[in-house]
Amino acid sequence: MANVFPVSVMGQYGLLLLVLTGGYLMTPYWRVLGDNPMLIAKLLLVVLLGALIGINSSYRRKAAQGNAEAYMPKIVMLGRVSLLTTLTIVVLAVLVFR
């Protein structure tokens, strides 16, 4: 399981790209943000995803320092929650921007 840690860095780069491109694509929608609850939910989920990726990265560093058996179940659980959060973000994006 520890061999996949370098791949987990892609989550951080993916989140960075998500925020940069999403901020640009949101340009015409900032004025109507208060009128669209699905858009607010999507943005809140992006913030939650950022927190999950940050916590998971912290656990990954601690597991790499030698306490892997304590942190691996947490990393797996947060990975699953992050996946569900990401899928929900995509669904909400499709519903909001169609």
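**Exercise 1. The order of elements**

Work out which elements the protein has from the N terminus on, and how the trace is laid out.

*Solution.* Start with the order: in this predicted model, the elements run α-α-α from the N terminus on. Next, the tally, which is three helices and zero strands. Then look at the extent: along its principal axes, the C-alpha trace spans about 50 × 20 × 20 Å. Finally, check the contacts. Among those with a separation of 6 or more, 69% are between residues 24 or more positions apart.

**Exercise 2. The span of H2**

Compare the expected span of H2 with the distance between its end C-alpha atoms.

*Solution.* First, get the residue range: H2 covers 37-64. That helix has 28 residues, and at 1.5 Å a residue it should span 40 Å. Now go to the model, where the end C-alpha atoms of H2 are 40 Å apart, so the two values agree. One last look past the end of the helix: just after H2, glycine 66 takes a positive phi of about 125 degrees.

**Exercise 3. Buried or partly exposed?**

Sort glycine 50, alanine 51 and threonine 85 into buried or partly exposed.

*Solution.* Keep the cut-off in mind: buried means under 20% relative accessible area.

- Glycine 50 is found in helix H2. Its relative accessible area is 24%, so glycine 50 is partly exposed.
- Alanine 51 also sits in helix H2. With 38% relative accessibility, alanine 51 counts as partly exposed.
- Threonine 85 belongs to helix H3. Its relative accessibility is 7%, so threonine 85 counts as buried.

For the wider setting, 24% of the 98 residues of the protein count as buried. The buried residues of H2 include Leu39, Lys42, Asn56, Ser57 and Arg60.

**Exercise 4. Far along the chain, how far in space?**

Find the C-alpha separations for glycine 50 with leucine 15 and for alanine 51 with serine 82, then list what threonine 85 touches.

*Solution.* Take glycine 50 and leucine 15: they are 35 residues apart in sequence, and their C-alpha atoms are 6.8 Å apart. Move on to alanine 51 and serine 82, which are 31 residues apart along the chain, with 9.6 Å between C-alpha atoms. Now for threonine 85, skipping residues up to four places away in sequence: it touches Leu45, Leu48, Leu49 and Leu52.

**Exercise 5. The largest nonpolar core**

Name the residues of the largest nonpolar core and say which helix gives the largest share.

*Solution.* Begin with the members: Leu15, Leu45, Val46, Leu49, Ile53, Ile89 and Leu92, seven residues in all. Then assign them to elements: H2 and helix H3 (68-97) each supply at least two. The largest share is that of H2, with four residues. As a background note, nonpolar side chains tend to be buried together in soluble globular proteins. To finish, zoom in on leucine 92: beyond its neighbours within four places in sequence, it is in contact with Met38, Ala41, Lys42 and Leu45.

**Exercise 6. The second largest pocket**

Describe the volume, lining and residue classes of the second largest pocket.

*Solution.* Volume first: the pocket holds about 170 Å³ of space. Its lining is made up of Leu18, Val19, Gly22, Gly23, Met26, Trp30, Lys42, Leu43, Val46 and Val47. Helix H1 (5-25) and helix H2 (37-64) are the elements that give two or more residues to this lining. Sorting by class, you get seven nonpolar, two polar and one charged residues. Notice that Val46 lines this pocket and is also one of the residues of the largest nonpolar core.

Definitions and conventions:
Residues numbered from 1 in each chain as written. Predicted model: local features only at pLDDT ≥ 70, side-chain atom pairs only at ≥ 80, totals over all residues. Heavy atoms only, no water. 1 Å grid on protein atoms, 1.4 Å probe; cavity = no way out; pocket = protein on both sides within 12 Å on 5 of 7 lines; lining within 4 Å. Points joined across faces, edges and corners; volume = space filled by probe spheres on them. Nonpolar A, V, L, I, M, F, W, Y, C, P; charged D, E, K, R; others polar. Expected span 1.5 Å × (residues − 1). Buried < 20%, exposed > 50% of the residue type's maximum accessible area, 1.4 Å probe, protein only. Core = buried A, V, L, I, M, F, W, Y, C linked by side-chain atoms within 4.5 Å. Contact = heavy atoms within 4.5 Å.
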